[in-house]
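Colleague: I would like to learn how to read a structure like this one. Could you walk me through it, one feature at a time?

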Amino acid sequence: MKVSGETKIIGIFGYPVTHSLSPLFQNAAFEALGLNFVYLPFLVKPEDLKGAVESIKSLNMVGVNVTIPHKKKVLVYLDELSSEAKMMGAVNTICYRDGKLIGYNTDGKGFISSLTKEGKFNPQGKRALILGAGGAAWAISFALIEAGVKRLNIANRTIKKAEILLERLKEFFQDKCEITLIDFDKVNSSIVMNEVDLLINATSVGMHPEDSLLINPELLAPHTFVYDVVYNKKTKLLKAAEDRNLPCLGGLGMLVYQGAYSFEIWTHKKAPLKEMKEVLKEQEKCFVT
Ligand SMILES: NC(=O)c1ccc[n+]([C@@H]2O[C@H](COP(=O)([O-])OP(=O)(O)OC[C@H]3O[C@@H](n4cnc5c(N)ncnc54)[C@H](OP(=O)(O)O)[C@@H]3O)[C@@H](O)[C@H]2O)c1
């Protein structure tokens, strides 16, 4: 990559941000298409978010990705929101176009693409159980209902957060899907697990080697597809699903697809998925398993 006077700048705002894989595969994508763009990580403290967002305009950047902990707080600094971002109350992609900062959320779409294209799992008419009620769980819950799941069960350690998500989902999808909360300490039962076609770990549990399993793998039903959004390593949950020969996926696919949708918003070009995945595959070899 050669930086010149015409290089266009895209970045990611996060705190922390050093762990992000987005610079790796976004720059690989620009290179693959011969685009004079560069993607940079920006460590943005919560108290500096407003100034950082204003700098997208003042520095004439193309846009940015937004990650933890800014996805919700950033909304108030934007001029327009896509329908997904509005619904989810969270933004992971900002595009600066015609003098306006427009917020999008590509996480849910990225999850569905990974699930259907890589996992060959069609969520239509299925029963899903999602663990978590944070940013990832919000995006995935909305996307799953839009994709036609029949039932969505939500279980989160902090019940209040699950209640807020439930309320918001019901506001948008009153009759489209049966949505219920399950006590976090009651998910480990065969009655619950036998009725799950798709289990999603949308918590951060599994990111660290010392993390214990949230689900007893003995209870996973033979028809269950297991999706773990954690992408920095092969989690214990994923290993347990593999050991039981269950169809399963880790979060790298979701990561690359959400990035591909962001890429397309910024560049108006089809994202070179092959090259983006290839560079991540190299990275995957370095993962601690
Ligand atoms: N693959 C992708 O593209 C992608 C995209 C986004 C996020 N992610 C990954 O998804 C995970 C969650 O991210 P997020 O943005 O949703 O984070 P978040 O908003 O901070 O939410 C974290 C969630 O994890 C739960 N949690 C944390 N520690 C727990 C524990 N010890 N036991 C039970 N639950 C626990 C939290 O429950 P409480 O509410 O009780 O705290 C909350 O539901 C992270 O690993 C992140 O890297 C992946």
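Modeller: Gladly; we will look at a helix, some strands, one buried residue and the ligand. Please keep in mind from the start that this is a predicted model.

Colleague: Let us begin with the helix. What should H5 span, at 1.5 Å a residue?

Modeller: The idea is to set an expected span beside the distance in the model. H5 has twelve residues, so at 1.5 Å a residue it should span 16 Å; its end C-alpha atoms lie 17 Å apart, which agrees. The helix covers residues 135–146, and just after H5 comes Gly148, with a positive phi of about 100°.

Colleague: How many of the residues of H5 are buried?

Modeller: Nine of its twelve residues are buried, so H5 is mostly covered. Among them are Trp138, Ile140, Phe142 and Leu144.

Colleague: And Ser141, is that residue buried or exposed?

Modeller: Here a cut-off helps: a residue counts as buried under 20% relative accessible area. Ser141 has a relative accessible area of 0%, so it is buried. If we leave out residues up to four places away in sequence, Ser141 touches Ile130, Leu152, Leu165 and Leu169.

Colleague: Now the strands. Where do side chains point in a regular strand?

Modeller: In general, they alternate between the two faces of the sheet. In this model, strand S10 (residues 198–201) has Leu198 and Ile200 pointing one way, with Leu199 and Asn201 pointing the other way. All four of these residues are buried.

Colleague: Which strand is joined to S10 by four bridges?

Modeller: S7 (residues 127–131) is joined to S10 in this way, and the two run parallel. Leu129 stands opposite Leu199 there. S11 (residues 225–228) also runs parallel to S10, again with four bridges. Val226 is the bridge partner of Leu199 in S11.

Colleague: May we try another strand? In what sense does S3 pair with S1, parallel or antiparallel?

Modeller: S1 (residues 8–14) and S3 pair in the parallel sense, over four bridges, and Ile10 has Gly63 as its bridge partner in S3. With S5 (residues 93–97), S3 pairs in the antiparallel sense over three bridges; there Asn65 stands opposite Thr93. The side chains of S3 can be read as before: Gly63 and Asn65 point one way, Val64 and Val66 the other, and all are buried.

Colleague: Let us go back to S11. Which residues is Phe225 in contact with, leaving aside its neighbours within four places in sequence?

Modeller: Phe225 is in strand S11, and its contacts include Leu115, Phe121, Leu198, Leu199 and Pro247. Its relative accessibility is 3%, so Phe225 counts as buried.

Colleague: Last, the ligand. How many residues surround it, and which are the closest?

Modeller: There are 23 residues around the ligand, and the closest are Ala136, Asn156, Arg157, Thr158 and Gly251. To read the site further, look for polar atoms. A polar side-chain atom of Arg157 lies 2.9 Å from an oxygen atom of the ligand. For Thr158, an N or O atom in the side chain is 2.5 Å from an oxygen atom of the ligand. Leu255 takes part through its backbone: an N or O atom there lies 3.2 Å from a ligand oxygen atom.

Colleague: How much of the ligand's accessible area does the protein cover?

Modeller: On its own the ligand has 920 Å² of accessible area, and the protein covers 80% of that.

Definitions and conventions. Residues are numbered from 1 along each chain as its sequence is written. This is a predicted model: local features need pLDDT of at least 70, side-chain atom pairs count only at pLDDT 80 or more; totals for chains, interfaces and linings use all residues. Side-chain values use heavy atoms; hydrogens and water are left out. Buried means under 20% relative accessible area, exposed over 50%, partly exposed in between (1.4 Å probe, protein chains only). Contact means heavy atoms within 4.5 Å. Two strands pair if DSSP finds at least two bridges between them. The expected span of a helix is 1.5 Å times one less than its number of residues. A residue is near a molecule or strand if one of its heavy atoms lies within 4 Å of it. A polar contact is a pair of N or O atoms within 3.5 Å; within protein, one must be able to donate a hydrogen and the other to accept it, and residues adjacent in sequence count only if both atoms are side-chain atoms. Accessible areas come from the Shrake-Rupley method with a 1.4 Å probe; for residues, only the protein chains shown count as cover.
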